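Q: Please take a close look at the aromatic side chains of this structure and at the surroundings in which they are placed.

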Amino acid sequence: AAENARRVAEAEARRIADEEARRAAEAEARRLAEEQMRKLAEAEAKRLAEAETKRIAELEARRLAAEEAMRIVEAQSRAELEARRLAEEAAKRLAEAEAKRIAELEARRLAAEEAMRIAEAQRLAELEARRLAEEEAKRLAAIEAQKLAEAKRLAEEETRRLAELEARRLAAEEARRVAETQRLVEEETRRLAQEELLAQKMRILELEKPKEVTITQVEIPVKSVDVTDNVQEVMTQTIEVVKVTKVAHQTPVVETISSTTTIDGSGVWEAPTFILPLNDTVLQEGSKFTFICQVIGNPTPTVIWYKDGIAIGNNPDYQTSFKDGTCTLTIEETFTEDSAKYICKATNRLGTAETGALLTVKESHPPEELIPPKFVKHLEPAFTKQGQKFQFECLVEGHPLPTVQWFKNGECIDNCPDYGITYNNGEAILRFDEIHLDCQADYTCKATNQVGMAQTTANLCVEPWEKTENPFFTIPLSNVMARAGQKIKLECEVSGLPTPSLTWSHNGKPVKETRELKFQSEDNHHTLVISEAFPKDAGTYVATALNDVGESTSTCNVTVKGRLPTETSDSELASDMEPIKPSIQVPLKDISVFDGKTVQLDCVIVGQPEPEVIWYHNDKPVKESADFQLLFQGDRCSLIIQEAFAEDAGDYRVVALNSAGEASSKCTLTVTPLTDTAPKDTQEEKKVTGSPPKFNKLLSDVLASEEDRVVFEANVVGEPRPSVKWLLNNDDIELNQHYKLSYDEDGTVKLEIEKILPEDKGVYTVKASNSNGDAKCFAQLIVKSFKPTEAKEYEEIKTAPQFKELFSDRQAFEDTTIKFECIVSGKPTPKVKWLFNEEAVSGKAFLVSTSGERQVLTITNLTKENSGTITCIAENEVGKAICTATLSVKPGQTVMGEPKEVPAQELVDAASYSSKREVFVQSSTSSKSTVVTNSGTAEPDVQTHGYIAKDSQTIKQVNEQTPEVQESHFREEYHKVGEPGVIQEHSMSTVQIGEASKIKETTVSASHLPVQRKTRPPKFTSPIVGKIVDQGVDVLLEGIIDGSPTPTVKWEKNGVPLVSGGKITVSYELNRVRVEIKDVGTSDGGRYTCTAVNEAGSAVSTSDLVVRKTVFPPVFGRRLQAQVVKKGDRVHMDVEVTGTPTPTVTWFKDDKPIKEVLLQPYKILVQGNSHTLIIENADFSHTGKYMVKAVNDGGEAQSIADFAVFEPTPDTMVEVVKTVVFEDVHKHETLVSEVPSTTRVRQPHQ
């Protein structure tokens, strides 16, 4: 049993071990399999990544290779162009060296004179600009001052209005308070009176018989105070009870009112007595008014009101009441008919009493009627002569009075100093002190007020002194097409009287003459020359001809194309080549052919450079295809139509363009359908119905990238339905998966290409045919090699600035000109800045110019101060590049006294340059001295010595070849000691290629006299320039004359000889002619002519001097303001007035000069345009109308305002009875004088 158990255990152990081993083996196998799969996956991923990287690298390499190829081609082209240009310039310079040497001195002199003229013109322009800026600033300041004054006036009016409203509110509250106080006082008075009467009655009852007793009643003081306001007429009435506490400064006037009382057994009887009478009143129509009076009496009186003696009964216009002794008469709305004498009569059995007052109702002014402007006298067309005086007049009405503006051809001329403008009470005048040709125009006077606007227009025609004619182009500008680097000439001819001046503009901006752009004029022929065309020169050019009569324009378009890589002909590239405008030597001729025949249109075109030829059919460009071929054979240009159909008939035009202009010729092609003469065919033809094919929608040219989808679509109609065939480059297109063709029922035909390939480019033709004919339609497919979507990963490559060509240290002489040139490249285009001694260059001596990538700094008229460091900094967002060199300026060499031998080596050093990559260097040195000695007994011994040295160096290198260096040195010496003179010339030329060199040396001596100068007719190298100046300034008219022998000069003004005298000075020295006029006036204006004459001819220069009359009438920027002040106050009256010349300001009071009226001390202060009248202590005598009058040569202006003084209420008065009646300011003195006679006060009890 034990053995069996052991065996079973061993078998189970083995089984378990086998199972465990199997599981481990399976796990290991799975692990190994997974590891193998992972490795395979990683290998596949790595392979795919490497393939993708390789593909991207190949694409990048292909793109870089293409760009590098394009860059190499561009660099080679640019190098070839630069080398050719430099070679031609070197050859030209060597050929012209001798001619330049002779012309150098003359050119330098002319340049100096031109510089002086330009400097003077700039100075005059700066002065004129400064003057215009000052005038504009003054005008803006005046406008601003007017705006501020108007704002101040409105603010003051608003403040015054608010103060008046507040015063009325306070017055109303005060009136209510006074009325309440009056009522309480009346009740207390009535109570006391009743108690007193009762006490009297008790005392009287003790008497045996009745008797009369006189009782002093309450004394009621009345005081009237009148105050006038200076703005408008206002009437107010307030009534208060007076309680006098102390009136020490016035003498009381006491009025005692008594009555008689009767006492009998039945009580105390009293006759009526008015304790508060009526008062006279003045008020405005339309206001409410109430008469109030108080009466006592026993028994109670009966009250009746009378108007002008007629009792007022039950009249609804008058409301009466009587309660507790108070009688009232109320008029709800007063009218002028209510003015009358009103009486209140009280009656009882003991008697009668009455009180009366005068009511005056003033008529209200009707509301002002607003009337829009209306011209009762219109402007009238006029005709006048040049130089005369003239004025336009018109008369306008309206309420309020309108303001007027004057316009010339729609442009406002109110602020123009050339015209005199006056406007007085509706009469507007526009004056011309002197009529000029440019005064001819339409003039408009526009009148405006708050209601409306009106205007009147008239034309002014000016008859000139001499015959005139508007400018017109006899030969207009023509369009131009050129390639980069070619010379462009724009030519035109213009006529007109007087001779027009011509200005040029490019894309709307004025064109200025530069080194690359020159203006040429000869008689009426004008030319604009661009020495070397660049893309920036393309655009629209406009020539504007202008004279005193009018102007005219001519326009052309300039197209500049890039140079093709295959262009190598010097005639295509040389910018020095003189362009010749194309001309049609043999024009096109009309032609007629039968349907289906071949047509050839021929013409002969010549021009330089070779023109570009464009053909048009019915004004649409003709595209070259298998059916239309362009043929060039020498100067002959042909258009060949292989098969002419009906749609090919029409007008054909050929246009030839080059850098000098364009020319064209046109003809008509007639295509006749083929017809058989056989009767049978004719009958059959008559039976044919329908129409030939016709394309309603044409194919369109397509520009697409490789693998893009392209669809060509057209629409064709015809009867019967045409059949359609597609062709590529004149070969049939076979149907396959690459091309999909469709032809709908509506005639729409389509050709679809799912993914285009480079070989798909070309001309696609769709041909439609039916029994009545054929029709064709063409389109061109251009395939780009790379798709834009793939290029989006690559951004524009930006490069830091770098100098392709550097400048180096330079040496030069004083009074010469030097240039520092460099070529800078970079993306984006760098910004270039020039520095001199670490500071930005400035001043007229430094001229900065740019031509493409070439940067040039020119320094003229060198001085010792110009020695220093020249730095060019080019910077963009990527980086910065700097080029620095040193400039040394040496004194010019002169020989004084005995000639001094100068070592040859020293001369060479003085004119030599060291350069880096400099292509051409040239320098010259010249000196001359004259020695005069005199022994005292013989003729003076004259010795003349001259020396000229000229050096040049040319470096030429092609690609990596050894550079070729050419040096030339030229020396010329002239010595004259007695007769004759001796000239010795020495020249040496060195050519060095690598280590080898070749030297050629020549010496020539000759003995002869100096060459005599040829005679030259006079010529104005700087003509006299016309001017427009203001009256009172000094004027200088000058010009520069050249001629040999020296010409004689004569000046004329308007055909009358002009000589020095008075304020005119005429001078002629050093070839400069001048006329100086001091303090010019309008009489000095006119046409000035200078005539120069010598034996070789004559020359004339004419200019016009226009003198503007600078007069502006006075204008008030701040006007007088009406014032009401208290007696004793300090008063300021301010105005601001402007005008040219400065106006004279005078003050008036009541239309009399202020110095004759004001007796008390006053002051008038003047500060600039501000004038102030100061009154230290205001008094009633100062009340009145004040006026300020400003007068100058342009007219006068006035400002008027009223001024009033009132005496304030005494501080000791607690309660005041006031009757305030405001009337016209001018009656103020009368009202004030009446105050004492209308004042009654009660003497207080002690």
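A: In this predicted model, Arg721 lies over the face of Tyr743, 3.8 Å from the ring centre. A comparable description applies to Arg653, whose charged end sits over the ring of Tyr616 at 4.7 Å from its centre.

Rings also pair with one another, and the structure holds 16 aromatic pairs. One of them joins Tyr318 and Tyr342: the ring centres are 6.3 Å apart and the planes stand at 50°, so the pair is tilted. Tyr318 belongs to the loop between β8 (310–311) and β9 (319–323), and Tyr342 to strand β11 (residues 340–348), so the pair ties together parts that are 24 residues apart in sequence. Tyr318 and Tyr342 are both buried.

For Phe432 and Tyr443, the centres are 5.4 Å apart and the planes are at 85°, so this pair is edge-to-face. Phe432 lies in strand β19 and Tyr443 in strand β20, 11 residues apart, and the pair thereby links distant parts of the chain. Both of these residues are buried. Ring pairs further link Phe432 and Tyr443 with Phe390, Phe392 and Tyr419 into a cluster.

Phe392, Phe432 and Tyr443 are also among the residues with the most contacts inside the largest nonpolar core, which has 25 residues. Strands β15 (390–399), β16 (403–408), β19 (427–432), β20 (441–448) and β21 (453–463) each supply at least two residues of this core. Beyond its neighbours up to four places away in sequence, Tyr443 touches residues including Leu379, Phe392, Ile413, Tyr419, Leu430, Phe432 and Leu460. Apart from this core lies another, of 23 residues, among them Val710, Val749, Ala768 and Val783.

Terms used
Residues numbered from 1 in each chain as written. Predicted model: local features only at pLDDT ≥ 70, side-chain atom pairs only at ≥ 80, totals over all residues. Heavy atoms only, no water. Core = buried A, V, L, I, M, F, W, Y, C linked by side-chain atoms within 4.5 Å. Buried < 20%, exposed > 50% of the residue type's maximum accessible area, 1.4 Å probe, protein only. Helix = DSSP H or I, 4+ residues; strand = E, 2+ residues; numbered from the N terminus. Contact = heavy atoms within 4.5 Å. Phe/Tyr/Trp six-rings, centres within 6.5 Å; stacked < 30°, edge-to-face > 60°. Lys NZ or Arg CZ within 6 Å of the ring centre and 35° of its normal.
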